[in-house]
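User: I am new to this structure. Please take me through the terms used for it and the reasons behind them.

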Amino acid sequence: MCGGTLVSDRPHEECGVFGIRAPGEDVARIAFFGIFALQHRGQESAGIAVSAGRTIAVHKAMGLVTQVFDERTIGSLKGDAAIGHTRYSTTGSSDLCNAQPVVCHTDYGDIALAHNGNLINSAELKSQLTTAGVQFTSTNDSEVIAQLLACLHKGDIAETVREAMPRLQGAYSLTVLAGDTLVGVRDPYGVRPLCLGQISGVPCVIASETCALKPTGATYMREVQPGEIYVIGPGEASNTLPPDPAHHATCLFEFIYFARPDSKIYDKRLQLVRKRMGSALAQQHPAPRENAIVIPVPDTSIPAALGYAESSGIPYSEGIIKNRYIQRTFIQPSPYMRDQGAMMKYTPIPEVIEGKSIVMVDDSIVRGTTTGKLVKLLFETGAKEVHVRITAPPVRFPCYYGIDMANQDELIAARNTVEEIRQAIGATSLGYLSLQGAVDAVGLNRDKFCRACFDGKYPLAIPQDIKLSKMMLTPPPASDEDVDEDAETPAHAAV
């Protein structure tokens, strides 16, 4: 089982999926570089499955991509098509049995599946499959999907997927491998991203994000549409779209934090989107300019901090350095090291911070733990004031679609006003970007996004028992629009 060094304020990244069909090429090696580019989406386990006709070989283990694979393991995976996965657990414990891809055996050959997202009816499906005699080896919902496909499979994997989709409720972006065919699938709401790539004009790559294309020699084609099944087989690639498309509900947090800034979603470059979020944040919540600097919490907040600095006229500086090599680890920290928290990951630069009014830009506050430690660290390093600015609206509601965002009673904004959060983290002032401000920065209508963690409006109805397992009985203190009016502490209004 895998341990971690920090409990982060940020919602955890979930999973990255990748697929390649390229006969004659070293597809396992290509898949390795694909999931390596998606490492930010999960650092718990990694795996690659390669198809050689009816049989599929798989290698998966706990750890980072570079810890799981070496030349020997890559060289042992031979075939014409491969799928890869890098995981952070949401459903299922952190254990090898839950690592992906999942491989199931059928009378018509093996099926392998890699999944990003979370089903909301997995318990019901698992019960049905168990009653039918299916034996499960893991505790995650990804095996539920794989076993359903295996039960329905009669030789045509595309038809199998089409038959299974109406029974799947929730968020899922999939790569599926069977025989000589690779399939990309996205749930009807498009909650999690999925895109297509081509090599030499031939469609052959499916990936969670566009950032995985260039390292594998592919160029961007387009996104897999919500509800679409995209098939890459021996003939020409083909696709099936749903006859009655659901409204889009792509996760807004992908734009704020999850996806890499060099990726594109909805054809929007996230680096530029995040910079616009920072600019909008500066307009909504200005900070004192005298003897001030803007610093990001690296790395994901850098574009937003640049936007805030440019819009506000306050100089930008890197006041905190992140140790980029502290990720997930098998070495359990001692209680003392756990208490060190943010100090293990972030180092302040005294010459930059001492005597300054610091505007610290970050992408989100979830529990409030790391943010409070960073504020304390800046004051201890000599900051005169610390003004915290957040590009995500207050996170008040839990996620049921594949983000490890804690139960509602653990969300600091679900039980505190903005002023109470400011006091809890020890900041001089605190300002959140409004929900509409975040949406406007993307440049699309609000109805294109899942915003449930901010406003509680879930695009897919959540079963009551599952909803109650994460939800508090008392409502959060204020709505998004209410927060916009008082997010800035009056005593520290901008000058």
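Analyst: Start with contact: heavy atoms within 4.5 Å. Keep in mind that this is a predicted model.

User: Which residues of H8 and H9 meet by that rule?

Analyst: On the H8 side they are Gln271, Arg274, Lys275, Gly278, Ser279, Leu281, Ala282 and Gln283. In H9 they meet Pro303, Ala304, Leu306, Gly307, Tyr308, Glu310, Ser311 and Ser312. By type, this contact of H8 with H9 holds six nonpolar, seven polar and three charged residues. Gly counts among the polar ones.

User: Why is H8 called oblique to H9?

Analyst: Helix H8 covers residues 270-284 and helix H9 residues 302-312. Their packing angle is about 45 degrees, and the axes lie 6 Å apart. Angles under 35 degrees count as roughly parallel, and 65 to 115 as roughly perpendicular. The angle of about 45 degrees fits neither range, so H8 is oblique to H9. The crossing of H8 past H9 is right-handed.

User: How do you know that threonine 73 is buried?

Analyst: Its relative accessible area is 5%. Buried means under 20%. Threonine 73 is therefore buried. This residue sits in helix H3, residues 71-76. Leaving out residues up to four places away in sequence, threonine 73 touches His59 and Val68.

User: What makes histidine 153 count as buried?

Analyst: The cut-off is again under 20%. Histidine 153 has 4% relative accessibility, so it counts as buried. Its place is the loop between helix H5 (141-152) and helix H6 (157-164). Beyond its neighbours within four places in sequence, histidine 153 contacts Thr106, Tyr108, Ile111 and Thr160.

User: What makes strand S17 mostly covered?

Analyst: Five of the five residues in S17 (residues 292-296) are buried. Ala292, Val294 and Pro296 point one way, while Ile293 and Ile295 point the other way.

User: How do you know that S17 and S20 pair?

Analyst: At least two bridges are needed for a pair. S17 and strand S20 (residues 357-362) have five, in the parallel sense. One of the matches sets valine 294 against its bridge partner valine 359 in S20.

User: Why are S3 and S11 called edge strands of their sheet?

Analyst: Seven strands make up this open sheet, in the order S3-S2-S4-S1-S10-S9-S11, with antiparallel pairing. Strand S3 (55-62) and strand S11 (219-223) each have a single partner strand, so one side of each has no neighbour in the sheet. From one strand to the next, the twist averages 20 degrees.

User: What makes S9 and S11 a pair?

Analyst: The cut-off is at least two bridges. Strand S9 (residues 195-199) and S11 share four bridges in the antiparallel sense. Glycine 197 stands opposite tyrosine 220 in S11.

User: Which strands does helix H1 lie across, and at what angle to S2 does it run?

Analyst: Helix H1 (residues 27-37) lies across strand S1 (15-21), strand S2 (45-52) and strand S4 (81-87). The angle to S2 is about 155 degrees. Angles over 145 count as roughly antiparallel, so H1 runs roughly antiparallel to S2.

User: What makes helix H16 mostly covered?

Analyst: Six of the eight residues in H16 (residues 435-442) are buried. They are Leu435, Gly437, Ala438, Val439, Ala441 and Val442. Glycine 443 follows H16, with a positive phi near 95 degrees.

Terms used: Residues numbered from 1 in each chain as written. Predicted model: local features only at pLDDT ≥ 70, side-chain atom pairs only at ≥ 80, totals over all residues. Heavy atoms only, no water. Axes fitted to C-alpha atoms, helices over the stretch in contact; angles between N-to-C directions. Helix = DSSP H or I, 4+ residues; strand = E, 2+ residues; numbered from the N terminus. Left-handed = near helix turned anticlockwise from the far one by under 90°. Buried < 20%, exposed > 50% of the residue type's maximum accessible area, 1.4 Å probe, protein only.
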